[in-house]
Amino acid sequence: MKLGRLPRNPKREVPLIPMKDMVVFPHTVIPFFVSQKKSLDALDYALKRERDIVVTLLKNDSESPGMDGLFTVGTLCHILQVLKLPDGKMRVLVEGRNRVEISGLNKKSEVLMAKIRDMDGKDAGNEEKLNLLMQNLKASFKIYASSKRKVPKEVLSHVEKADTPGKLIGHICTSLNLSPEQKAEYLQNGNVGEVLEELNTAIEMEKELLSLKKNIDSRVRKKMERTQKEYFLNEQLKEINKELGSGGEEGDGLKELENILLTKDLPQEVRTRAIKELKRLRKLQPMSPESGVLRTYLEWLSDLPWNNYSQDRKNLAETTAILDKDHYDLKKAKGRIIDFVAVRQMNTSSKSPILCFVGPPGTGKTSLGRSVARALDREFVRISLGGVRDEAEIRGHRKTYVGALPGKIIQSLRKANTSNPVFLLDEIDKMSNDFRGDPAAALLEVLDPEQNSTFGDHYLEVPYDLSHVMFITTANSLHNIPRPLLDRMEIIEISGYTDIEKYNIAREFIIPKQLKAHGLNGTEITFSEEALKKIISSYTMEAGVRNLDKQVAKVIRKILRQSIHNYQTKPGRFVLAMDEEEKIPTVLPRLEKEGIIRLEELRSEVSEEELKEYLGQPVFNESDLKNNPKPGLSIGLAWTEVGGRVLPVEVALLPGDGKLMLTGKLGDVMKESAQIALSYLRANSEEYGIDPQFHKDHDIHIHVPEGAIPKDGPSAGITMTSALLSALTGTPIRENTAMTGEITLTDRLLPIGGVKEKVLAAHRNGFSNVLLPADNRRDEEELPEEIKKIMSFHFFGSVKEALAYLFPGMKGIK
């Protein structure tokens with residue numbers, strides 16, 4: 001070490017052996033191995049001469065280092081012993097003599113030579129301070145050596161006898177667990193006082209680490225002793241159970257679980273994972289938490305219907321008959337199912353379709369899914385997605401979490417016990433998302449035929465094949481479904497029903513179902529045609545038949561209640577009983593032995609006149625809007641998630657300065673339609689016989705009734721335009737006419753959506769004429785035949801043509 005200022009010795013060249021992971025200090029004897037050819041050559045060169053070599057540490061792993069790759073301070077060593085090994089390596093024992101500075105490198109006969117200058121001399125510094133540091137370091141090292149128990153006695157003796165800082169530093173650095181780079185820094189540092197202080201700090205840190213390790217080892221040892229104790233007690237308990245005959249080696253059911261997994265038809269990846277987890281479970285104690293987690297996981301693997309498929313019904317006639325028996329009409333949806341059955345006849349491995357039934361509430365979307373399962377002879381499972389906002393509901397939680405379970409998809413498949421059920425995802429448009437993830441994004445894999453063959457549930461951690469599952473989703477609207485998810489599904493619209501369709505559904509489906517639900521299979525409760533039509537028109541106003549079902553059930557309940565009352569009050573139906581509390585005789589009706597009253601003789605036909613008695617006053621009366629047109633009033637048609645509806649638009653002119661007031665909770669698009677209607681009439685005021693300055697002298701108020709309900713969309717453009725023109729001219733619009741269509745400033749009438757729902761709404765409200773854009777003529781084919789027979793549809797491509805039809809007697813309109 002650079003222990004003070006030393007006289008400059010003449011430079012000489014000595015063979016160099018660079019080391020990768022070892023530092024030799026002066027005054028120490030250390031063995032090492034030499035394997036590289038260059039180092040072996042340097043060793044041979046030294047043995048033939050003075051047996052001196054220079055050892056220094058490499059900064060990197062280069063086989064041909066330069067000055068930049070070496071620590072420039074090394075140790076001049078004398079070779080004490082060399083032992084040649086069978087594999088060509090040499091074991092060398094050297095003694096460190098003194099520190100040297102390497103000033104350059106040279107090659108002599110392919111031997112790497114180092115130009116060196118001696119650096120050792122008298123230790124410089126405050127001798128009293130150095131002696132004190134040495135004493136403290138010796139004392140600390142002695143305590144460290146007693147705790148370490150791996151420090152040889154010879155090293156401890158050398159440390160005690162060290163009389164110079166250089167010797168003390170060398171022996172201690174050799175024994176401490178220091179990195180080679182740190183040792184090289186100590187070797188290179190010429191300030192021995194600083195090195196002694198740093199070594200003292202390093203030993204104190206080692207002592208703290210040893211104390212901490214000792215505490216940890218003690219706790220681990222206690223835990224192991226407790227675990228071993230539990231193990232021995234469990235083994236003794238097993239043997240006791242075995243002797244008592246209440247259990248064997250696998251009294252915990254592990255053997256049974258293993259037999260199920262080994263005999264079950266599992267995919268190879270799942271079988272490999274199950275065997276691996278079984279081996280882990282055998283090594284764990286039954287009472288450990290991880291044991292419970294693994295056992296639950298393996299039970300899930302054993303319970304799932306891997307490679308278990310039910311046979312589909314192949315007879316097209318039977319399939320069609322079942323679908324027709326359960327539901328009226330719905331030709332598109334039924335036809336798609338029949339197509340699938342037909343394709344399966346030719347290709348049994350074809351992928352199941354992913355359908356989305358879209359329509360208003362009460363049109364039979366959910367029940368149709370159940371009917372599809374019955375027609376295909378498959379199991380049926382349903383999960384409701386309404387309000388689901390956590391991705392884990394679909395994919396599950398990772399099994400490391402407490403109480404973790406697979407997602408609803410895997411849970412439902414276990415209930416179905418087959419891998420090809422009909423899977424109904426109800427209310428897919430009602431999902432939400434939050435910080436826990438987006439369930440709609442998780443469904444992208446489930447509803448993608450190209451991906452769901454390797455569906456990954458977070459809990460299972462092995463792929464599950466969903467490609468054979470027929471997924472059916474239901475929604476009231478497509479607007480809330482993300483576009484990537486919508487793109488994966490085949491959309492089938494289920495529109496609302498006409499009054500005639502509702503009548504047939506009630507006659508063929510609803511009434512028989514309600515009679516059965518009320519236990520009246522053997523009775524004859526019938527509804528007259530007039531009564532049924534009255535319920536449809538005056539007690540319900542909906543696109544579906546859900547409220548119709550409720551009203552029919554209400555009528556049957558009233559009839560049943562009256563019939564049971566009459567039955568129990570017939571003469572001879574009373575018995576005398578004693579009231580136990582009051583101690584007085586009480587008259588009670590006599591009941592049948594089974595406790596169920598038989599009404600085989602019940603016969604009843606519900607007439608139109610009786611409906612007020614059963615259902616009260618009619619809730620919906622036929623609107624007088626169609627037959628009593630007024631200036632400033634126009635009847636539009638709107639589409640909503642619960643079906644179509646009429647949308648009256650009212651316009652009033654007030655003295656003012658041209659303000660446009662819009663009320664009725666209108667959306668931005670609908671407000672823009674009002675602006676467009678006003679601008680169109682101002683631009684064409686002369687053609688319609690309107691004062692060009694009308695907007696300067698009047699405020700215009702446009703109101704859409706039912707102001708608590710939000711309204712939006714561009715299809716009210718022609719309705720607002722005609723209402724404005726009617727108010728400005730004082731001319732009523734053609735009576736018995738409803739309309740819909742988007743307008744532009746250039747006189748175009750653009751097509752709109754939801755035509756069938758809007759036409760059905762006009763029909764329900766008694767309108768016989770409907771005005772539609774010309775480009776919507778193609779939608780006429782989708783309308784029911786009975787609607788087309790009793791209603792007239794008028795198609796126009798321009799606003800001018802539409803207004804000419806709506807105002808047949810107005811002067812100025814050509």
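**Group meeting: a helix, a set of strands and a surface patch**

Just after helix 24, G766 takes a positive phi of about 85 degrees. Good morning. I begin with that glycine, and I should say at once that the model before us is predicted.

Let us step back into the helix itself. Helix 24 covers residues 755-764, and 9 of its 10 residues are buried, so the helix is largely enclosed by the rest of the structure. Buried here means under 20% relative accessible area. Among the buried residues are V755, L760 and A761, and the charged residues E757, K758 and R764 are on the list as well.

I turn now to the strands. Strand 3, residues 52-57, pairs with strand 4, residues 73-84, in the antiparallel sense, over 4 bridges. Within this pairing, V54 faces L76 of strand 4. Strand 4 is also joined to strand 5, residues 90-108; these two run antiparallel and are linked by 11 bridges. Here C77 stands opposite G96 in strand 5. Strand 4 and strand 5 form a hairpin with 5 residues between the strands, where G88 takes a positive phi near 95 degrees.

Finally, the surface. Which residues form a nonpolar patch there? They are L212, I216, V220 and M224, and together they have about 340 Å² of accessible area. One of them, I216, lies in helix 6, which spans residues 192-244. Is I216 buried or exposed? The description is partly exposed, because its relative accessible area is 37%, and that term covers values between the 20% limit for buried and the 50% limit for exposed.

Thank you for your attention.

Notes:
Residues are numbered from 1 along each chain as its sequence is written. This is a predicted model: local features need pLDDT of at least 70, side-chain atom pairs count only at pLDDT 80 or more; totals for chains, interfaces and linings use all residues. Side-chain values use heavy atoms; hydrogens and water are left out. Patches are made of residues with over 30% relative accessible area and no salt bridge: like charges are joined within 9 Å, nonpolar side chains (Val, Leu, Ile, Met, Phe, Trp, Tyr) within 5 Å. Accessible areas come from the Shrake-Rupley method with a 1.4 Å probe; for residues, only the protein chains shown count as cover. A salt bridge is a side-chain nitrogen of Lys or Arg within 4 Å of a carboxyl oxygen of Asp or Glu. Buried means under 20% relative accessible area, exposed over 50%, partly exposed in between (1.4 Å probe, protein chains only). Two strands pair if DSSP finds at least two bridges between them.
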